[in-house]
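Colleague: Could you take a close look at one part of this predicted model for me? I'd like to hear about the side-chain contacts there, and what they join up.

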Amino acid sequence: MDISLYQASLPTLVRMLRNLDQILAKAAAFAEKERMSPELLLERRLHPDMFSLSRQVEIIVSGAKGCAARLARRIAPDDESSEFAVFNRGAEQSFGERLTSFAALRTLVQDALGYLEGIPQAEIDSAPEQPISVAKPGEVRVFENPRSFVLRSVLPNLYFHITVVYALLRSAGVALGKQDFEGAPAYQVRRT
């Protein structure tokens with residue numbers, strides 16, 4: 001069975017961003033119920049050398065939007081200089097500032113969902129098959145083709161960062177389960 005590049009990427013990105021939004025909503029309700037400072041939850045880290053929960057969410061959003069833009073060729077392969085301004089933040093914030101509320105993070109996720117849902121399947125599936133580049137401080141990562149970019153970088157990165165957010169909130173006492181991470185089942189149950 002052959003699936004298109006769009007089918008291999010955007011539906012999963014959208015699904016996981018929706019799940020992330022619901023996870024953040026539960027975290028906000030937990031903080032309010034427990035009279036806990038949301039900032040304390042948003043600054044949690046699994047280890048001192050890891051990013052905070054807030055930054056994990058920002059990385060998820062940046063990665064999802066950046067993936068979609070690259071696959072649709074909305075970011076020119078040779079124009080990586082504006083990437084941080086476009087995908088790491090909303091236009092109103094500069095790189096490096098932390099979002100300090102669940103509402104701000106949920107808005108970031110909702111904006112990303114709107115962006116992803118606005119990209120037609122044909123725009124990605126008809127894009128030329130050529131290398132994908134991603135600028136990082138001090139380097140540019142070049143992927144041989146869009147498929148390797150999605151399957152070997154984007155999706156593993158997405159799952160890693162969402163897992164960290166889930167683990168941080170679960171360890172803080174937020175009542176989350178596997179279904180919160182996975183979202184609505186992608187299967188039907190038949191009783192035997």
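Modeller: Let's start with lysine 178, which is exposed, its relative accessible area being 62%. Lysine 178 has a salt-bridge partner in glutamate 182, with 3.6 Å between the closest N and O atoms. These two sit 4 residues apart in helix H8, so about one helical turn separates them. Glutamate 182 is partly exposed, at a relative accessible area of 30%.

Stay in helix H8 and go to aspartate 180. Here the side chain meets that of lysine 26 in a salt bridge, at 2.9 Å from N to O. Lysine 26 belongs to helix H1 while aspartate 180 is in helix H8, so this pair ties together parts that are 154 residues apart in sequence. As for accessibility, aspartate 180 has a relative accessible area of 18% and is buried, because the cut-off for that is under 20%. Lysine 26, on the other hand, is partly exposed at 37%.

Helix H8 has a hand in the aromatic contacts too. There are 2 aromatic pairs in the structure, and one of them joins tyrosine 166 with phenylalanine 181. That pair is edge-to-face, with the ring centres 6.1 Å apart and 85 degrees between the planes. Phenylalanine 181 is in helix H8, which covers residues 178-182, and tyrosine 166 is in helix H7, residues 146-171, so the pair links parts 15 residues apart in sequence. Tyrosine 166 and phenylalanine 181 are both buried.

Now back to helix H1, since lysine 26 lies there. The structure has 7 salt bridges, and another one that involves this helix is formed by arginine 18 and glutamate 117, whose side chains meet at 2.4 Å, N to O. Arginine 18 is in helix H1 (residues 5-33) and glutamate 117 in helix H5 (residues 102-117), so these two tie together parts that are 99 residues apart in sequence. Both ends count as partly exposed: glutamate 117 has 45% relative accessibility, and arginine 18 has 43%.

Last, a couple of charges over rings. Lysine 65 has its charged end over the ring of tyrosine 115, 5.7 Å from the ring centre. Arginine 55 does likewise with phenylalanine 51, its charged end sitting 5.6 Å from the centre of that ring.

To pull the helix H8 part together: lysine 178 and glutamate 182 pair up within the helix, aspartate 180 reaches lysine 26 in helix H1, and phenylalanine 181 pairs with tyrosine 166 in helix H7.

Technical notes:
Residues numbered from 1 in each chain as written. Predicted model: local features only at pLDDT ≥ 70, side-chain atom pairs only at ≥ 80, totals over all residues. Heavy atoms only, no water. Phe/Tyr/Trp six-rings, centres within 6.5 Å; stacked < 30°, edge-to-face > 60°. Buried < 20%, exposed > 50% of the residue type's maximum accessible area, 1.4 Å probe, protein only. Lys NZ or Arg CZ within 6 Å of the ring centre and 35° of its normal. Salt bridge = Lys/Arg side-chain N within 4 Å of Asp/Glu carboxyl O.
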